[in-house]
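I opened the model to look up one strand, its partners and the loop before it. My entries follow in the order of the look-up.

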Amino acid sequence: DFDSRLARYRANDPDEKTNPSNYLAAASKDDMEAVKQRWSLPKKYLTFLERFSPNNMTCELQLRFASSGFDLYSASTILENQAGFAFDPQTGKRHSDWPESYAVIGDAWADPFVFDLSKCDENDGPIFTAQHGTGEWSFRKYAKSFEALVQKLKVT
């Protein structure tokens, strides 16, 4: 589905024939191994990361009151992008208020979008988000699954 949406985007912009590798690329085996060692993620998301890892891709996501640029992390950046959310980037210490079962897979305006791995099944799971900078994390469900999240994305 993502490939067909990209194909439509490229077809509507014939003067800028976009190379699909600028958007999505296969992940390296080393990156995928590191991700799998860190978490037990749902199969649909792992397949996406492995085969269609976002690379230099800007998406747009409709949030409650506005559209926002959305950064969906690639296999090569997902671990480092936990910094600031799950742990302090300076000290490497885990934030005590960050749930252990949360894996940040992207952000919009620095608001994290996460899998709560305790609520995922083997195949897929719901996506939650929270506003940053409020003093405490108050997560709410954004999409019923990763697949539903991808359907809400618009490639810009």
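Before reading any accessibility, I set down the cut-offs: a residue is buried under 20% relative accessible area, exposed over 50%, and partly exposed in between. I also note that this is a predicted model.

Entry 1, burial of β6. I looked up strand β6, residues 111-116, and found it mostly covered, with six of its six residues buried. I then examined its two faces, and both are covered. Asp111, Phe113 and Phe115 are buried on one side, and Pro112, Val114 and Asp116 are buried on the other.

Entry 2, partners of β6. I traced the pairing with strand β5, residues 102-108, which is antiparallel over six bridges. In this pairing I located alanine 103 opposite phenylalanine 115 of β6. I next checked strand β7, residues 127-129, which runs antiparallel to β6 and is joined to it by three bridges. Here I recorded threonine 129 in β7 as the bridge partner of phenylalanine 113.

Entry 3, the loop between β5 and β6. I found two residues between the strands of this hairpin. I placed tryptophan 109 in the loop, and alanine 110 lies in the loop between β5 and β6 as well. Most residues other than glycine have a negative phi. I read a positive phi of about 55 degrees for tryptophan 109, although it is not a glycine. For alanine 110, also not a glycine, I read a positive phi near 70 degrees.

Entry 4, accessibility in the loop. I asked which class each loop residue falls into. Tryptophan 109 has a relative accessible area of 53% and is therefore exposed. Alanine 110 has 33% relative accessibility, so I entered it as partly exposed.

Methods:
Residues numbered from 1 in each chain as written. Predicted model: local features only at pLDDT ≥ 70, side-chain atom pairs only at ≥ 80, totals over all residues. Heavy atoms only, no water. Buried < 20%, exposed > 50% of the residue type's maximum accessible area, 1.4 Å probe, protein only. Helix = DSSP H or I, 4+ residues; strand = E, 2+ residues; numbered from the N terminus. Pairing = 2+ DSSP bridges.
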